[in-house]
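Biologist: Before I plan any bench work, I would like a close look at a single part of this model, taken slowly and with its surroundings. Please choose a part and walk me through it.

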Amino acid sequence: MGPLPRTLELFYDVLSPYSWLCFEVLCRYQKIWNIKLQLQPTLIAGIMKDSGNKPPGLLPRKEQYLKSELGLLKQHFQVPLRIPKDFFSVVIEKGSVSAMRFLTAVKMENPEMLEKVSRELWMRLWSRVRAGIWLYSLMSPQAAEKAGLSAEQAQGLLEMISTAKVKKQLKEVTEVACKYGAFGLPVTVAHVDGQTHMLFGSDRMELLAYLLGEKWMGPVPPTLNASL
């Protein structure tokens, strides 16, 4: 009997494109590394407020760099990411509370669908639609149905986002991320040999591999790349 898989927690918000990159890499490597990946929908606004941090898009120089870097990362990570023209003026102001409550409801009621639904929401925000129509498109039942949920399931989950238990769960997960030391997202927390390691960003995967004693083969590992 081999060693038990190490637990990795990924705290993420669909408002964060870097969270999407980290999410896809970890989803790929969960088929290769000896890990148990736990997806943790989190509210980035809560982390920013708790830590005193500010979104990079609110600072002109960082915004310009972010746009340039994401164009390169799209190719490097092989993720169909693009920045909506009105992203910073619309989405950052409106936030992601409803979307992250929806994913919290998915995790509570249909956890086996969380990966697919999370990916679909990222696709709708960062690949398919303009940010100005994002909130309507994102929270429509069709978004959940496209990820594989039935119409009845999708409607039930949408109705849950205003309930106290969903709000409480999202708040508690966000507080856990803050206690780990999060100041932004994504955050990957590795539980290895009785120790806890918090890694920030999508560019710490090589360090994560080192901590796990696993081999890093790039954002698209050859075994997966061969099947693409």
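Modeller: Two strands are said to pair if DSSP finds at least two bridges between them. With that in mind, and remembering that this is a predicted model, let us take the sheet and what lies against it. The sheet is open and has four strands in the order 2-1-3-4, with mixed pairing. Its edges are strand 2 (35-41) and strand 4 (195-200), each of which pairs on one side only. Neighbouring strands are turned against each other by 20° on average, if direction is ignored.

Between strand 1 (residues 6-12) and strand 2 the pairing is parallel, and seven bridges join the two. To find one of these on your screen, start from Thr 7, whose bridge partner in strand 2 is Lys 36. Helix 5 packs on the sheet here, touching strand 1 and strand 2, and its direction makes about 135° with that of strand 2. Helix 10 (residues 164-180), for its part, lies across strand 1, strand 2, strand 3 (187-192) and strand 4, and runs at about 110° to strand 1.

On the way from helix 10 to strand 3 the chain passes through a loop that holds Pro 186, and the peptide bond from Leu 185 to Pro 186 is cis, with omega near 10°. That deserves a second look, as most peptide bonds are trans.

Helix 5 also has a helix for a partner. The axes of helix 5 (residues 97-109) and helix 9 (residues 151-160) come within 8 Å and cross at roughly 120°. Angles of 65 to 115 degrees count as roughly perpendicular and those over 145 as roughly antiparallel, and helix 5 and helix 9 are therefore oblique to each other. Their crossing is right-handed. From helix 5, Phe 102, Ala 105, Val 106 and Glu 109 take part in the contact, and they meet Ala 154, Leu 157, Leu 158 and Met 160 of helix 9. Sorted by class, this contact has seven nonpolar residues, one charged residue and no polar ones.

Elsewhere in the model, the count of salt bridges comes to eight. One of them joins Glu 24 to Arg 119, with the closest N and O atoms 2.8 Å apart. Glu 24 belongs to helix 1 (residues 17-29) and Arg 119 to helix 6 (residues 114-128), so this pair ties together parts that are 95 residues apart in sequence.

Terms used
Residues numbered from 1 in each chain as written. Predicted model: local features only at pLDDT ≥ 70, side-chain atom pairs only at ≥ 80, totals over all residues. Heavy atoms only, no water. Axes fitted to C-alpha atoms, helices over the stretch in contact; angles between N-to-C directions. Parallel < 35°, antiparallel > 145°, perpendicular 65-115°, else oblique. Left-handed = near helix turned anticlockwise from the far one by under 90°. Contact = heavy atoms within 4.5 Å. Nonpolar A, V, L, I, M, F, W, Y, C, P; charged D, E, K, R; others polar. Salt bridge = Lys/Arg side-chain N within 4 Å of Asp/Glu carboxyl O.
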